[in-house]
Amino acid sequence: MKTITLKIMIIITIVFIMFSNCYKTYTVENRISKESLENALEKFVDSQENNQNYDIKLISNDLIEITTSDGSKYNLNFDLQNEENIIFKLEMFVKNGMSYNDFKSQTDNLMLPMLGYLAIAHINNIEYSDSIAYFSDIHMNSNWNGNFYSNSPYSIIDDSGNTILSGGSKNIKVSEFSNKVMEYVNLTYKNQESINDNDNINSFIWTIEKEEVANANDTCKLISTLKVNLNSEFQKIKNYANSINTNTHNEIANSNINSNISNNIENNTQNHDNTTKDGTLPAVGNGKLIGIVIGMSILILLIAIIRSSKFRE
């Protein structure tokens, strides 16, 4: 009897260790998979919130290609290896000689990592309209105040002296901007800038920083990095687009970041994208379901072993 009991205890211990390791590995690897990320981005492309007509494709295990409506292509790097967070990173080259319009077009797209955030929120059953409203609201109420130029010492003016882009007391004419691109960048992006939602659901940290290019005085990289916390309680931002007041809606609709994603946030709140209601369980839910099935199977097996042992006695 003691021998049988000991064997059963050993079996239970071994099975428990194997189950714990397998379950942990499964939930980490499948919590956000390449396939689920790709699916969420494809659904965004087909959704009404994609009124900037982005075309988004996963072209490798760590690279997303984003094509804007004017045909420009941007590479968004991502990393799914960390069990705590996912990082989306965009690198943008700027250089002397760029026109102001080209520079503005490039730097406006520093917000493209936000698309990764929308995908992760969607995998957690959050509609695109709610994640857009939430992310934009945080951005509007940050030090950036809805744009990347809030702390710039320069204002951009046309040749008639009219302000095109507000900033500090120093002025740069649009016609002279191509000769002062690096001067503008070096002072506007002097320090790493970041915003986060630590006071809310603690779901992201977004940073913009300048990186020098080796052996180049007239070129640099602007790096936009978004780190998404996978352990965040995304469910708390369900119906967020409906919960914020009208004034905030208007501010978000007029912000630089949201104008690139959604021209009319009010339209989004009235016509929710229902692709999250297609009956697909999130990866974490699937992991728990499989865990329950495995656990029940193990329990049944152990009961069978014990009963068989008693019967032989």
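This report walks through one sheet, the helix that packs on it and the core around them, in a predicted model.

**The sheet**

Let us begin with the overall layout. Seven strands make up an open sheet, and their order across it is β1-β2-β3-β4-β10-β9-β8. The pairing is antiparallel. At the edges lie β1 (55-60) and β8 (193-196), each of which pairs on one side only. From one strand to the next, the twist averages 20 degrees. As background, strands of a sheet pair through backbone hydrogen bonds, either parallel or antiparallel.

**From β1 to β4**

The table below follows the pairings from β1 to β4, with one pair of facing residues for each.

| Strand pair | Sense | Bridges | Residues that face each other |
|---|---|---|---|
| β1 and β2 | antiparallel | five bridges | Asp55 and Thr67 |
| β2 and β3 | antiparallel | five bridges | Leu63 and Asn77 |
| β3 and β4 | antiparallel | four bridges | Phe78 and Phe88 |

Two hairpins are found along this stretch. In one of them, five residues separate β2 from β3, and Gly71 in the turn has a positive phi of about 90 degrees. The other hairpin is formed by β3 and β4, again with five residues between them.

**Two faces of β3**

Which residues of β3 are on its covered face, and which are on the uncovered one? Tyr74, Leu76 and Phe78 form the covered face, while Lys73, Asn75, Asn77 and Asp79 form the uncovered one. This fits a general pattern: in a regular strand the side chains alternate between the two faces of the sheet.

**A helix on the sheet**

Helix α3 (residues 100-108) packs on the sheet, where it touches β3 (73-79), β4 (85-95) and β10 (219-229). The direction of α3 makes about 175 degrees with that of β4.

**The nonpolar core**

Now for the core. The largest nonpolar core has 66 residues, and the members that touch the most others are Leu37, Ile64, Tyr117 and Ile120. Which helix gives this core its largest share? That is helix α4 (residues 114-123), with eight residues.

Ile64 ties several parts of this account together. Strand β2 spans residues 63-67, and Ile64 is one of the core members with the most contacts to other members. Leaving aside residues up to four places away in sequence, Ile64 touches Leu37, Leu41, Ile56, Lys57, Leu58, Tyr74, Asn75, Leu76, Phe78 and Phe88. Among these partners are Tyr74, Leu76 and Phe78, which make up the covered face of β3. Phe88, also touched by Ile64, is the residue of β4 that stands opposite Phe78.

Terms used
Residues numbered from 1 in each chain as written. Predicted model: local features only at pLDDT ≥ 70, side-chain atom pairs only at ≥ 80, totals over all residues. Heavy atoms only, no water. Pairing = 2+ DSSP bridges. Axes fitted to C-alpha atoms, helices over the stretch in contact; angles between N-to-C directions. Contact = heavy atoms within 4.5 Å. Core = buried A, V, L, I, M, F, W, Y, C linked by side-chain atoms within 4.5 Å. Buried < 20%, exposed > 50% of the residue type's maximum accessible area, 1.4 Å probe, protein only.
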